[in-house]
Amino acid sequence: EIHIKEPIEKEVNPRLLPGELLLCEASTVYKYIQEDGSNRGTYGKLVCTNFKIAFLDDDSASDDNEPQFKNKIVGENDITLQCVDQIYGVYDEKKKLLTGQLRKYPEKLIIYCKDLRVFHFCLRYTKEEEVKRIVSGIVHHSQTPKLLKRLFLFSYASAAPNNTDGRNQTVMFDTFEDWRDELERTKGNVKYKAVTTNEGYRVSEKLPLYFVVPICISDESILKYEGRGIPIWCWSCHNGAALLKMSAFPKEQDDITSQMQKAFLDGIYKTISKPPYELLKMEDLSSSLPSLQDIQTAYTRFKQLFLIDNSTDFWATDVKWFSLLESTNWLEIIRRVLKKAIEVAECLERQRTNVLLIEESATDLCCVISTLVQVMMDSYSRTKSGFQSLIQKEWVIGGHGFLDRCNHLHKSDKEEAPVFLLLLNCVWQLVQQYPPAFEFTETYLTVLSDSLYVPIFSTFFFNSQHQKDTNMSGESLQTQSGPFRFLTVWDWSAQFDPKAQAFLNNPLYAEKPKPDKSQRKTTRFKHQRQLSLPLTQTKPSTKRGFFREETDHLIKNILGKRIGKFINSSDEPPNSFREFYDSWRSKPVDYHGLLLPRIDGPEIKVWAQRYLRWIPEAQLHGGGTIATAAKILDLIEEVQSLQVKMDEEHSQAISGDVHSVPMLRNSARLSSLFPFALLQRQSIKPALPTSTWKDLEDEDDLVKRDDEFVDLSGDMS
């Protein structure tokens, strides 16, 4: 039974952005706090605009409880229309997927989000007319196909006051000079040239305006097949070997056409296989990596593990966690992609061979592999501005179809595939294995993944540079006419104030000019590398589950992080690969040199922060990486204030802008859900007989059981 509070006395109105319009609203909506099935929650108003769905309660009006990591654009109870994954209605305790026209309206609304939040709204106490309006409004605006120009991106760009283009040292790669500078930076300008052949998109609308090809390739060759069959330069290694990509010719062709194309390709290969070019190795990614359909299927299964309705569901799935996780195949796909990137790095680094990545459009898996190879081999790509420039180069200008792959317009589910999310998952593996090598944090990667669904920035809302350019012209409310001025996602000040931005930067980044420090760190981290969980195969367990020898160690890693079950590699790497890999592993890590991910089964983990951050049951109270980060930021702040005091004594001229680090007092009270959620309630265990818990805590029994949960919260505190 739910006690209905008095209606809110003061009217709470949504904060609207420039160009944002209120479309429909409903009062007396009850939002559940999902916990133990007790139906506790809060009353408020549910609204839908042309940008978001928002829930407003009396707390929305006060700024007292603002989190330290507040997003200026999307609030705690806001869901952008692009972030809505699926909407369910509850009719007589039965869940039904809502799409299109509705004949009957539900008493409860469940919204599953692409950032894995789950919202439950009870509509029992809302007026019938308002229920009809809000439910049909939400379903229509978030689930039905729409035109590109109907995206909020355009409404915002035309209404917002002169948007500043905060590039923040990020190279955008939309000018000829940017490509020339990149060639110079990587010393690739001896054998490769930036070309203007595609100006006015006369070669192809899929290619960027400017790109780089081998010097010996003529304009005629580029024009012949609309850029297909042309090796396009991605990056040059310090030893001169280069990473190239190429869009392949369609497989289904008549004999005469395919013979002509084969002759054309043979000519190209001959030209770039002789000096001054290195030997060429071709890597057909469509045959050696999972298909986009496989990636989409795996991720769809994987995300279901985290879209949890309540505490009971959490504990029910937890008992079979490892079996469920392995059956999704998501971690195995991450492992295969990382392994392919290591193979490419080995060709470039050790064999000094040029590598040509081939894919039908060269805008999906080519982007993933070329980005990973550069992150592993070029320390500049591990800085914040370097990584952002790399995403611009390989993905945004490189022509990855964000609009189709993220299905922002709900046009076709067939085109949808989380390719960019796959990349971020792979980069996260490297970030958590070698934290000092990266200038950015896992929080940065999480926020970047969330920005995929914020249609204020143009970065992730077009399929190609051509599509963006042709949609730039429009009526602006400010200047009457002229091109739209879109924001770029790399201007982090649009989303976060300086205190919140501090969480995006790694305070323990091993900067280049301090060699002594990095050597000391290396010794410390070398020991940690040897603690990788062994893949013992001498005593396999009779049932699925862990090997007895690893149980104790592995369990300590599970709590909160829930790392993957052992995945034995079915495709053993070739000897040269293994030799290269083992040889690199035997040396101390150079955080500014080559960086290879550890890819043996248990090393590939679930990105805990992104996937578990909304699940209170999975948190570590006062624990997790954030506890360390909070202490470090406290220390940095203390050191800075001491430095100011010293400066004051030595000189009157002191700098006022010192406090760029957030105040984090009582960091022991933070949980591993921070900074996305503040300290949450204690997790409630399901009502299992005490004897069952006693059995589950017995280590010897664990091997005989089927992937069951062990509560070690006492050990971890």
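Of the 717 residues in this protein, 56% count as buried, and the model from which this value was computed is a predicted one. The accessible surface of the protein comes to about 33,200 Å², and 50% of that surface belongs to carbon and sulfur atoms. The chain is arranged into 26 helices and 14 strands. If one takes the contacts between residues at least 6 apart in sequence, 72% of them join residues that are at least 24 apart.

Some of the links between parts of the chain are salt bridges, of which a search of the whole structure finds 25. One of them joins Glu25 to Lys45, with the closest N and O atoms 3.2 Å apart. Because Glu25 lies in strand β1 (residues 22-32) and Lys45 in strand β2 (residues 41-49), this pair ties together parts that are 20 residues apart in sequence. The two partners can be compared with the limits for burial, since buried means under 20% relative accessible area: Lys45, at 8% relative accessibility, counts as buried, whereas Glu25, at 28%, counts as partly exposed.

A second salt bridge is formed by Asp85 and Lys303, whose closest N and O atoms are 2.8 Å apart. This pair links distant parts of the chain, with Asp85 in strand β5 (residues 84-91) and Lys303 in helix α8, 218 residues apart. Asp85 counts as buried at 15% relative accessibility, and Lys303 counts as buried at 13%.

Within a helix, Arg185 forms a salt bridge with Glu182, the closest N and O atoms being 3.0 Å apart. These two residues are 3 residues apart in helix α4 (residues 176-185), so they are separated by about one helical turn. Arg185 counts as partly exposed at 32% relative accessibility, while Glu182 is buried, with a relative accessible area of 8%. Salt bridges can also be joined into a network, as they are for Lys281, Glu283, Lys339, Lys340 and Glu343.

The structure also contains enclosed spaces, and the count comes to 5 cavities of 30 Å³ or more. About 220 Å³ of space lies in the largest cavity, which is lined by 18 residues, the closest to its centre being Tyr299, Glu416, Pro418, Leu421 and Tyr453. The elements that give two or more residues to this lining are α8 (292-304), α14 (402-405) and α15 (419-433), and α8 gives the most, with 4 residues. Sorted by class, the lining of the largest cavity has 10 nonpolar, 3 polar and 5 charged residues.

Terms used: Residues numbered from 1 in each chain as written. Predicted model: local features only at pLDDT ≥ 70, side-chain atom pairs only at ≥ 80, totals over all residues. Heavy atoms only, no water. 1 Å grid on protein atoms, 1.4 Å probe; cavity = no way out; pocket = protein on both sides within 12 Å on 5 of 7 lines; lining within 4 Å. Points joined across faces, edges and corners; volume = space filled by probe spheres on them. Nonpolar A, V, L, I, M, F, W, Y, C, P; charged D, E, K, R; others polar. Buried < 20%, exposed > 50% of the residue type's maximum accessible area, 1.4 Å probe, protein only. Contact = heavy atoms within 4.5 Å. Areas by Shrake-Rupley, 256 points an atom, 1.4 Å probe, with all protein chains shown as cover. Salt bridge = Lys/Arg side-chain N within 4 Å of Asp/Glu carboxyl O.
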